[in-house]
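I opened a notebook on this structure and wrote down what I looked up, one item at a time.

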Amino acid sequence: MIIALTVGVAAMVVCLFVQGVLLFLATRYYVRHLTWVKSASRAMTMLLISQVMLMLVVGNLVQGGIWALLFVFLGEFGDWATAYYFSLVNFATLGYGDIVMSERWRILGPLQAINGVLMIGVSTASITAVVHDAFQRSWSRPNAESVTDVEAGKNRE
């Protein structure tokens, strides 16, 4: 079991690195396209947010692929499609149970689920930060009345 735990933690470290790189790239992409948020078009803001979301989702799919490659390398699955399906089920913590691993490597399933919860959580937090920032910037445009301004006006009356 120690070998399986070591292999699983190593896979988690690789996924953490991938998540970090994609988070950096998505954030840099967002910052480089802030003019879209500052434009008069809300559609451009939504397009930018959608692109950041897509980058992070693809990152999670890539991480599922890393685990699937590991499962194939360990001989748990004979084909990529089954390994990738099993991997995404674990990564997303669905846990269907229709496919199981051998006793020797089965601890990798829960380790991957822990990894998936953390990485999907990081993606969600990042998307939330981008959405919050984009909305703050788009609502604070000159001549745009914010909710706070409206409430302040009501309190003065």
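Entry on helix α1. I am working from a predicted model. I checked the length of helix α1, residues 2-32, against what its residue count calls for. At 1.5 Å a residue, its 31 residues should span 45 Å, and I find the end C-alpha atoms 45 Å apart, so the two agree.

Next I asked which residues of α1 are buried. I listed Ala4, Gly8, Ala11, Met12, Cys15, Val18, Gln19, Ala26 and Tyr30. I then looked for what covers them, and the cover includes α2 (34-38), α3 (42-73) and α5 (108-139).

Entry on α1 and α3. I took the two helix axes and found that they come within 10 Å and cross at roughly 160°. Angles over 145 degrees count as roughly antiparallel, so α1 is roughly antiparallel to α3. I noted the crossing of this pair as right-handed. Sorting the residues of the contact between α1 and α3 by class, I got 20 nonpolar, six polar and no charged.

Entry on α1 and α5. Here the axes are 9 Å apart and the packing angle is about 10°. Angles under 35 degrees count as roughly parallel, and α1 is therefore roughly parallel to α5. The crossing of α1 and α5 is right-handed. On the α1 side of the contact I wrote down residues including Ala4, Gly8, Met12, Cys15, Gln19 and Tyr30, and these also appear in my list of buried residues of α1. On the α5 side the contact includes Leu108, Leu111, Ile114, Met119, Val122, Asp133 and Arg137. By class, the contact of α1 with α5 has 16 nonpolar, five polar and two charged residues.

Entry on α4. I measured nothing by hand here and only read off the computed span. Helix α4 covers residues 80-91, which is twelve residues. From first C-alpha to last it reaches 16 Å, close to the 16 Å expected at 1.5 Å a residue. Its buried residues are Ala83, Phe86, Ser87, Val89, Asn90 and Phe91. Among what covers them I found α3 and α5.

Entry on Gln112. Is this residue of α5 buried or exposed? I looked up its relative accessibility, which is 0%. Buried means under 20%, so Gln112 counts as buried. Leaving aside its neighbours within four places in sequence, I found Gln112 in contact with Gly64, Trp67, Phe71, Ser87, Asn90 and Phe91. Three of these contacts, Ser87, Asn90 and Phe91, are on my list of buried residues of α4.

Entry on Thr93. This residue follows α4 and is found in the loop between α4 and α5. I looked at its phi, which is near 60°, a positive value in a residue other than glycine. Its relative accessible area is 42%, so Thr93 is partly exposed.

Entry on the whole chain. I counted six helices and zero strands. Read along the sequence, the pattern is α-α-α-α-α-α. Of the 157 residues, 32% count as buried. I last looked at contacts between residues at least 6 apart in sequence, and 68% of them join residues at least 24 apart.

Methods: Residues numbered from 1 in each chain as written. Predicted model: local features only at pLDDT ≥ 70, side-chain atom pairs only at ≥ 80, totals over all residues. Heavy atoms only, no water. Helix = DSSP H or I, 4+ residues; strand = E, 2+ residues; numbered from the N terminus. Expected span 1.5 Å × (residues − 1). Buried < 20%, exposed > 50% of the residue type's maximum accessible area, 1.4 Å probe, protein only. Contact = heavy atoms within 4.5 Å. Axes fitted to C-alpha atoms, helices over the stretch in contact; angles between N-to-C directions. Parallel < 35°, antiparallel > 145°, perpendicular 65-115°, else oblique. Left-handed = near helix turned anticlockwise from the far one by under 90°. Nonpolar A, V, L, I, M, F, W, Y, C, P; charged D, E, K, R; others polar.
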